[in-house]
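The exercises below are intended for a reader who meets this structure for the first time. Please keep the sequence and the three-dimensional view at hand while working through them.

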Amino acid sequence: MLSEESISRKDFLKSLGLGGAALMAVLTSCSSSSEAVTPSSVSIDLTSNITSVGNYTYSGGIIVARIASGNTASSFVALSKACTHEGTTVIYQGNGVFYCSNHGATFSTTGAVTKGPATKSLTQYTVTVSGTTLTLS
Ligand code: FES
């Protein structure tokens with residue numbers, strides 16, 4: 001029999017009777033702050049997505065928000081979506097403010113912290129718009 005010190009989290013959850021799908025949901029929910037961020041894989045069709053100022057969407061660990069009208073790069077902001085405090089997904093509140101509902105941190109359109117408790121900036125990605133397709137790098 002295993003001692004308490006040597007049992008893994010996975011084994012512990014299995015001992016509670018969690019099946020494979022439930023186990024994966026628990027394990028992945030604990031790792032949201034380490035979600036892969038792959039800007040080069042993001043491609044957004046602007047004819048049907050984030051069409052109005054204030055709209056935002058998520059892709060590959062990144063939040064992309066429309067901050068102005070028109071389909072130019074300066075109309076959009078792309079930041080890592082995981083709050084740098086404890087990893088909660090941020091939202092775009094409008095007026096250039098990204099907000100974390102967990103403890104109330106806010107970030108600017110450059111990803112800089114404008115209100116704690118977060119102390120580290122979100123990562124900003126470069127937006128490119130070609131016609132009606134938005135891509136990141
Ligand atoms: S997780 Fe975002 S402010 Fe705490």
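The following exercises, each with a worked solution, concern this predicted model.

**Exercise 1. Overall composition**

Determine how many helices and strands the chain has, and in what pattern they follow one another.

Solution. Step 1: count the elements. The chain holds 2 helices and 11 strands. Step 2: read along the sequence. The pattern is α-α-β-β-β-β-β-β-β-β-β-β-β. Step 3: consider burial and surface. Of the 137 residues in the chain, 30% are buried. The accessible surface of the chain is about 7600 Å², and carbon and sulfur atoms account for 52% of that surface. Step 4: consider contacts along the chain. Among contacts between residues at least 6 apart in sequence, 41% join residues at least 24 apart.

**Exercise 2. The open sheet**

State the strand order of the open sheet of 4 strands, and identify which strands stand at the edges.

Solution. Step 1: establish the order. The sheet runs β2-β3-β4-β9, with antiparallel pairing. Step 2: find the edges. Because β2 and β9 each have a single partner strand, one side of each is left without a neighbour in the sheet. Step 3: examine the pair at one end. β2 and strand β3 (residues 62–66) are joined in the antiparallel sense by 4 bridges. Within this pair, Y58 has I63 in β3 as its bridge partner. The hairpin of β2 and β3 has 2 residues between the strands, and G60 takes a positive phi near 55 degrees there. Step 4: examine the pair at the other end. β4 and β9 pair in the antiparallel sense over 2 bridges, and L79 stands opposite Q124 in β9. As background, the strands of a sheet pair through backbone hydrogen bonds, either parallel or antiparallel.

**Exercise 3. Two strand residues**

Decide whether S80 and Y58 are buried, partly exposed or exposed.

Solution. Step 1: locate the residues. S80 belongs to strand β4 (residues 76–80), and Y58 belongs to strand β2 (residues 56–59). Step 2: apply the cut-off to S80. Its relative accessible area is 9%, and a value under 20% means buried; S80 is therefore buried. Step 3: apply the cut-offs to Y58. Its relative accessible area is 33%, so Y58 falls between the limits of 20% and 50% and is partly exposed. Step 4: list the surroundings of S80. Leaving aside neighbours within four places in sequence, S80 is in contact with G61, I62, I63, V90, L122, T123 and Y125. Step 5: list the surface group of Y58. Together with Y56 and I91, Y58 forms a nonpolar patch on the surface, with about 230 Å² of accessible area together.

**Exercise 4. The hairpin of β5 and β6**

Describe how strands β5 and β6 are joined, and which residue of their hairpin takes a positive phi.

Solution. Step 1: identify the pairing. Strand β5 (residues 91–94) and strand β6 (residues 97–99) run antiparallel and are joined by 3 bridges. Step 2: find one facing pair. I91 stands opposite Y99 in β6. I91 is also one of the residues of the nonpolar patch with Y56 and Y58. Step 3: inspect the turn. With 2 residues between the strands, the hairpin includes N95, whose positive phi is near 50 degrees.

**Exercise 5. Two loop alanines and two cysteines**

Find where A105 and A118 lie, what they touch, and how many disulfides the structure holds.

Solution. Step 1: place the alanines. A105 lies in the loop between β6 and β7 (106–107), while A118 lies in the loop between β8 (113–115) and β9. Step 2: judge their burial. A105 is buried at 2% relative accessible area, and A118 is buried at 4%. Step 3: list contacts beyond four places in sequence. A105 is in contact with C83, F98, Y99, C100, K115, G116, P117 and A118. A118 touches C83, T84, H85, A105, F107 and V113. Step 4: add distances. A105 and K115, 10 residues apart in sequence, have C-alpha atoms 5.1 Å apart. The C-alpha atoms of A118 and C100, 18 residues apart along the chain, are separated by 9.4 Å. Step 5: turn to the cysteines. C83 is buried at 5% relative accessibility, and C100 is buried at 2%. The structure holds 0 disulfides.

Technical notes. Residues numbered from 1 in each chain as written. Predicted model: local features only at pLDDT ≥ 70, side-chain atom pairs only at ≥ 80, totals over all residues. Heavy atoms only, no water. Buried < 20%, exposed > 50% of the residue type's maximum accessible area, 1.4 Å probe, protein only. Contact = heavy atoms within 4.5 Å. Pairing = 2+ DSSP bridges. Patch = residues over 30% accessible without salt bridge, like charges linked within 9 Å, V, L, I, M, F, W, Y side chains within 5 Å. Areas by Shrake-Rupley, 256 points an atom, 1.4 Å probe, with all protein chains shown as cover. Salt bridge = Lys/Arg side-chain N within 4 Å of Asp/Glu carboxyl O. Disulfide = S-S within 2.5 Å.
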